[in-house]
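Here is a set of short exercises for you to try with a structure at your side. Take each task in turn, have a go, and then read the solution.

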Amino acid sequence: MENFYLEIKHICKQTGARYGILHTPHGDVEVPMFMPVGTLATVKTLSPEELKSIGTGVILANTYHLHLRPGEDIVARAGGIHKFMNYDGPILTDSGGFQVFSLMDKCKISEEGVTFRNHLDGSKLEFTPEKVIAIQEKIGADIIMSFDECMPYPVEYSYAKKSVERTLRWAKRGQVAQIRSDQALFGIVQGSDYEDLRKHSAIELSEMDFPGYSIGGTSIGEPKDVYVKMVQQSVAYLPSDKPRYLMGVGSIDFLLEGIAQGVDMFDCVLPTRIARHGALMTSVGRVNIRNAKYKDDFTPLDANCDCYTCQNYTKAYLRHLYISEETFGKRLLSLHNVRFLVSLMGKARQAIKEDRFGDFKTEVYRAFGSKKGF
RNA sequence: GGAGGAAUAGCGAAGUGGCCAAACGCAGCUGACUGUAAAUCAGUUCCCACAGGGUUCGGUGGUUCAAAUCCGCCUUCCUCCA
């Protein structure tokens with residue numbers, strides 16, 4: 001793909017973190033970056049204009065969910081997902097592999113693919129690596145994912161090995177099935193916390209020569225040190241000139257550790273979901289806006305934040321909106337959390353360019369102090 | 001003036017002799033959330049020295065081994081009749 005490639009500009013001498021530009025058919029974006037999730041072709045509560053104003057580059061959508069509603073044919077007839085949702089920046093679709101994990105009790109996995117009992121009306125549907133690519137081609141995102149199995153953690157070695165091999169075969173099948181040449185198909189590294197499986201998965205995928213590589217199966221409940229190892233053991237065997245995408249990571253510490261390992265892209269529902277539930281990421285730690293102590297707190301959510309919410313509204317007002325279940329409150333809070341992570345990424349990129357990402361990471365942790373969360 | 005009905009925790013509302021410190025809903029308080037079945041879920045809300053103890057069900061006096069539940073009186077409220 002000529003119009004999709006990673007241009008690495010700098011590698012941090014302190015950590016190995018990478019700064020670069022990802023070129024996509026819908027524009028260039030700087031990495032490392034955080035990508036908010038818009039499963040149903042909308043980042044819940046936020047408009048494309050708001051996302052732009054926040055500085056969002058790539059956003060996500062989901063193959064499984066869009067297949068169920070409204071169906072990929074509708075998206076295709078709308079002119080593709082960019083037109084359908086009025087977002088002209090780069091878009092990435094996840095394959096539905098994560099739903100194999102999150103809807104596990106409604107799934108049956110075989111060599112051919114996965115049979116789902118779909119969550120909307122309970123009817124059966126089958127996803128195969130080929131079908132998942134066909135759906136994603138109709139949806140029309142810039143970056144698409146191979147169909148994979150995201151295993152739970154922990155998982156027995158024998159199962160993990162079987163699953164990794166199958167996911168590798170699925171990756172190959174998806175690659176063969178791909179018709180469009182203007183979408184970047186990523187392979188997904190799995191292997192749970194088994195080093196040999198991660199290595200094997202990464203090496204085999206690299207040989208298939210994908211335009212980018214995802215790291216899956218992390219941040220599903222494993223301890224932080226295990227997480228870091230999983231990322232390390234995946235990144236180590238991936239080509240250095242291709243983008244690395246760590247799937248489902250959005251907590252501040254996991255993001256920073258991932259960047260330090262040389263990851264370029266991250267996505268997560270965390271900032272938008274917890275915002276809708278009243279939890280906010282701030283430069284001094286977690287804030288639960290519904291806490292009674294904020295009822296007469298007329299200061300901004302985060303004094304160090306440049307987002308629209310922090311520039312214009314007080315905690316007392318945001319708490320009032322949250323308690324009153326006003327949707328505007330959820331918007332303002334989502335806006336803040338996404339901006340917080342986007343902004344954190346910007347600072348991280350700056351630190352990488354200045355070869356002090358390690359120090360930066362320490363500073364961020366220190367600012368959080370002993371406060372728990374994220 | 002007469003007849004009937006009702007009073008339960010912050011609010012609404014179950015419970016009509018022991019399994020009741022009292023269902024449930026709301027409101028309040030707290031926590032969780034990581035490739036979105038999530039504008040969701042969980043815990044908690046009489047008091048305390050809290051695997052236990054102490055005071056509760058309009059007030060008061062009884063009956064009973066045992067009362068939010070049965071009886072008398074009182075207070076307040078509601079409906080209907082005059």
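The exercises below deal with sheets, a pair of helices and pockets in this predicted model.

**Exercise 1. Work out how the sheet of β1, β2 and β3 is arranged, and find the helix that packs on it.**

Step 1: Start with the order. The three strands lie as β1-β2-β3 in an open sheet, with antiparallel pairing.

Step 2: Look for the edges. These are β1 (5-11) and β3 (27-31), each of which pairs on one side only.

Step 3: Check the twist. From one strand to the next, it averages 20 degrees.

Step 4: Turn to the helix. Helix α14 (residues 327-353) packs on the sheet and touches β1, β2 and β3. The direction of α14 makes about 120 degrees with that of β2.

Step 5: Zoom in on one pair of strands. β1 and β2 (residues 18-24) run antiparallel and are joined by six bridges. For His 10, the bridge partner in β2 is Tyr 19.

**Exercise 2. Describe the sheet of β7, β8 and β9, and explain why β7 and β9 each have one side without a neighbour in the sheet.**

Step 1: A reminder helps here. Backbone hydrogen bonds pair the strands of a sheet, in either a parallel or an antiparallel way.

Step 2: Read off the order. This open sheet has three strands, β7-β8-β9, and the pairing is antiparallel.

Step 3: Now the reason. β7 (107-109) and β9 (124-127) are at the edges and have a single partner strand each, so one side of each has no neighbour in the sheet.

Step 4: Add the twist, which averages 20 degrees from one strand to the next.

Step 5: Follow one pairing. Three bridges link β7 with β8 (residues 114-117) in the antiparallel sense. Opposite Lys 108 you will find Thr 115 in β8.

**Exercise 3. Describe how helices α8 and α9 pack, and list the residues that meet.**

Step 1: Decide what to look for. The angle between the axes and the distance between them describe two packed helices.

Step 2: Apply this. Helix α8 (residues 195-208) packs with helix α9 (residues 224-235) at an angle of about 35 degrees, and their axes are 8 Å apart. The crossing of α8 past α9 is right-handed.

Step 3: Find the contact. From α8 come Glu 195, Arg 198, Lys 199 and Ala 202, which meet Met 230, Gln 233 and Ser 234 of α9.

Step 4: Sort the contact residues by class. Two are nonpolar, two polar and three charged.

**Exercise 4. Locate the largest pocket and describe its lining.**

Step 1: Note the volume, about 990 Å³.

Step 2: Find the centre. The lining has 43 residues, and Phe 98, Gly 248, Cys 268, Val 269 and Arg 273 are the closest to the centre.

Step 3: Trace the elements. At least two lining residues come from each of β5 (59-62), α2 (63-68), α5 (97-102), β14 (265-268) and α11 (270-276).

Step 4: Sort the lining by class. It holds 17 nonpolar, 18 polar and eight charged residues.

**Exercise 5. Which element gives the most to the lining of the second largest pocket?**

Step 1: Place the pocket, whose volume is about 190 Å³. Among its 14 lining residues, Ser 283, Asp 302, Phe 340, Leu 344 and Lys 347 lie nearest the centre.

Step 2: Narrow the choice. Two or more lining residues come from α14 and from α15 (357-368).

Step 3: Settle it. α14 gives the most, with five residues.

Step 4: Finish with the classes: seven nonpolar, three polar and four charged residues.

Definitions and conventions:
Residues numbered from 1 in each chain as written. Chains lettered and ligands numbered in written order. Predicted model: local features only at pLDDT ≥ 70, side-chain atom pairs only at ≥ 80, totals over all residues. Heavy atoms only, no water. Pairing = 2+ DSSP bridges. Helix = DSSP H or I, 4+ residues; strand = E, 2+ residues; numbered from the N terminus. Axes fitted to C-alpha atoms, helices over the stretch in contact; angles between N-to-C directions. Contact = heavy atoms within 4.5 Å. 1 Å grid on protein atoms, 1.4 Å probe; cavity = no way out; pocket = protein on both sides within 12 Å on 5 of 7 lines; lining within 4 Å. Points joined across faces, edges and corners; volume = space filled by probe spheres on them. Nonpolar A, V, L, I, M, F, W, Y, C, P; charged D, E, K, R; others polar. Left-handed = near helix turned anticlockwise from the far one by under 90°.
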